[in-house]
Amino acid sequence: MVITFLGTGTSQGVPVIACNCAVCHSDDQRDKRLRTSALITDNAGNNILVDIGPDFRAQMLTHNVQHLEAILITHAHRDHISGIDDIRPFNWVQGRNMEIYANSEALRTIKHDYHYIFDYHQYPGLPEATLHDVSDCRPFKVGLVTVTPVRGMHKDLPVLGYRLDEQQDGSSSTSLAYITDMNHIEPQELERLKGLDLLVINALRPQKHFSHFCLDEALDIIGQCRPQRACLTHMSHEMGFHNEVDATLPEGVHLAYDNLKINI
């Protein structure tokens, strides 16, 4: 598998509008962060998108994505679902509905916010999507990848992370997990994050936050799960400069940045 970080920023992105802090005015491209999203590509070329925020169109054009097999939604805050209207070109090119996977809370919001997609209609050119409720967290397949939802909390909101496993041959597999916008994971859910080649987890800033993991909390989860490698995402301008913070992290842990590609 290959993971491409399409965006690694918070709901405001970095730089933040009208902010005059040093990070927002950094010349380092790694300090410029679109809203958080990632593309996972299996060995057969199937593409799985995690979250579809307001920068979706630009992200697809930047990476020349020609097809999209499925979208995994972590939760239905606007910075994670507001690009849904732009799935239309994939509908036309692929000649089918887009497959969208989410928990019941997120699906309720999506059906409400995009009611014109799911109401009876005959208006041509609207987005076409098939919604899948994965609240039971049973594994499912997309292309060559087995996807296992992982439950967590974003303050009071139940959200999902995802573990993705791809069988390489009869005896080996590669695995990654993508966790964002969480501030709590139950111990039994952490078991789903063991034995990973790569763990991607949110770390908003060094200071504690009421609904996101801060840096130390993310590092604690990484320490408990012990992946081969780990990357931090969903970072605000309060995290600091990429080069300075990355140099302080434990071995095998790095700040992700927009357009980073990692072969698993």
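## Exercises on salt bridges, packing and voids

At 61% relative accessibility, Arg 138 counts as exposed (exposed is over 50% relative accessible area, buried is under 20%, and partly exposed is in between, with a 1.4 Å probe and protein chains only). The model is predicted, so local features need pLDDT of at least 70 and side-chain atom pairs count only at pLDDT 80 or more, while totals for chains, interfaces and linings use all residues. Residues are numbered from 1 along each chain as its sequence is written, and side-chain values use heavy atoms, with hydrogens and water left out.

### Exercise 1: salt bridges

Find the salt-bridge partner of Arg 138 and describe how accessible both residues are. Then look at other salt bridges.

**Step 1.** Start with the criterion: a side-chain nitrogen of Lys or Arg within 4 Å of a carboxyl oxygen of Asp or Glu. A search of the whole structure gives 12 salt bridges.

**Step 2.** The partner of Arg 138 is Asp 136, with 3.6 Å between the closest N and O atoms. Arg 138 is exposed at 61%, whereas Asp 136 is partly exposed at 44%.

**Step 3.** Now move to Asp 156, whose side chain meets that of Lys 155 in a salt bridge of 3.0 Å, N to O. Here Asp 156 is exposed, at 62% relative accessibility, and Lys 155 is partly exposed, at 42%.

**Step 4.** Asp 28 and Arg 30 also form a salt bridge, their closest N and O atoms being 2.9 Å apart. Arg 30 has a relative accessible area of 30%, and is therefore partly exposed.

**Step 5.** Finish with a network of salt bridges, which links Arg 151, Glu 189 and Arg 192.

### Exercise 2: strand β2 and its neighbours

Work out how strand β2 is covered and which strands it pairs with.

**Step 1.** Strand β2 spans residues 37-41 (strands are DSSP runs of E, at least two residues, and helices are runs of H or I, at least four, numbered from the N terminus). In β2, 5 of 5 residues are buried.

**Step 2.** Sort these residues by face. Ser 37, Leu 39 and Thr 41 lie on one side, Ala 38 and Ile 40 on the other, and both faces are covered.

**Step 3.** Look for partners (two strands pair if DSSP finds at least two bridges between them). Strand β1 (residues 2-7) runs antiparallel to β2, joined by 5 bridges, and Val 2 stands opposite Thr 41 in β2.

**Step 4.** On to β3 (residues 47-50), which is antiparallel to β2 and joined to that strand by 4 bridges. Thr 41 turns up again, standing opposite Asn 47 in β3.

**Step 5.** Inspect the hairpin of β2 and β3: 5 residues lie between the strands, and Gly 45 has a positive phi near 90°.

### Exercise 3: the buried residues of helix α7

List the buried residues of α7 and the elements that they pack against.

**Step 1.** Helix α7 covers residues 215-225, and its buried residues are Leu 215, Glu 217, Ala 218, Ile 221, Ile 222 and Cys 225.

**Step 2.** Check their contacts (heavy atoms within 4.5 Å). The buried residues pack against the helices α6 (187-190) and α8 (242-246), and against the strands β11 (198-202), β12 (229-233) and β13 (253-255).

**Step 3.** Follow the chain past α7 to Arg 226, where phi is positive, near 55°.

### Exercise 4: a cavity and two pockets

Describe the largest cavity and the largest pocket by volume, lining and residue class. Then add the second largest pocket.

**Step 1.** Begin with the cavity. The structure holds 1 cavity of 30 Å³ or more, and the largest cavity has about 30 Å³ of space.

**Step 2.** Its lining consists of Val 14, Val 23, Asp 31, Arg 33, Ser 236, His 237, Met 239 and Gly 240. By class, these are 3 nonpolar, 3 polar and 2 charged residues.

**Step 3.** The largest pocket has about 240 Å³ of space. Phe 56, Arg 57, Met 60, Leu 61, Val 65, Gln 66, Asp 86, Pro 89, Phe 90 and Val 93 line this pocket.

**Step 4.** Assign its lining to elements: α1 (56-62) and α3 (88-94) each supply at least two residues, and α1 gives the largest share, 4 residues. The class split is 7 nonpolar, 1 polar and 2 charged.

**Step 5.** The second largest pocket holds about 160 Å³ of space. Of its 15 lining residues, Thr 10, Ser 11, Gln 12, Leu 204 and Ser 236 lie nearest the centre. Its lining has 2 nonpolar, 10 polar and 3 charged residues.

**Terms for this exercise.** On a 1 Å grid over the protein atoms alone, a cavity is a set of points where a 1.4 Å probe fits but cannot get out; a pocket is an open set with protein on both sides within 12 Å along at least five of seven lines; and lining residues have an atom within 4 Å of a point. Points are joined across faces, edges and corners, and a volume is the space filled by probe spheres set on them. Ala, Val, Leu, Ile, Met, Phe, Trp, Tyr, Cys and Pro count as nonpolar, Asp, Glu, Lys and Arg as charged, and the others, Gly among them, as polar.
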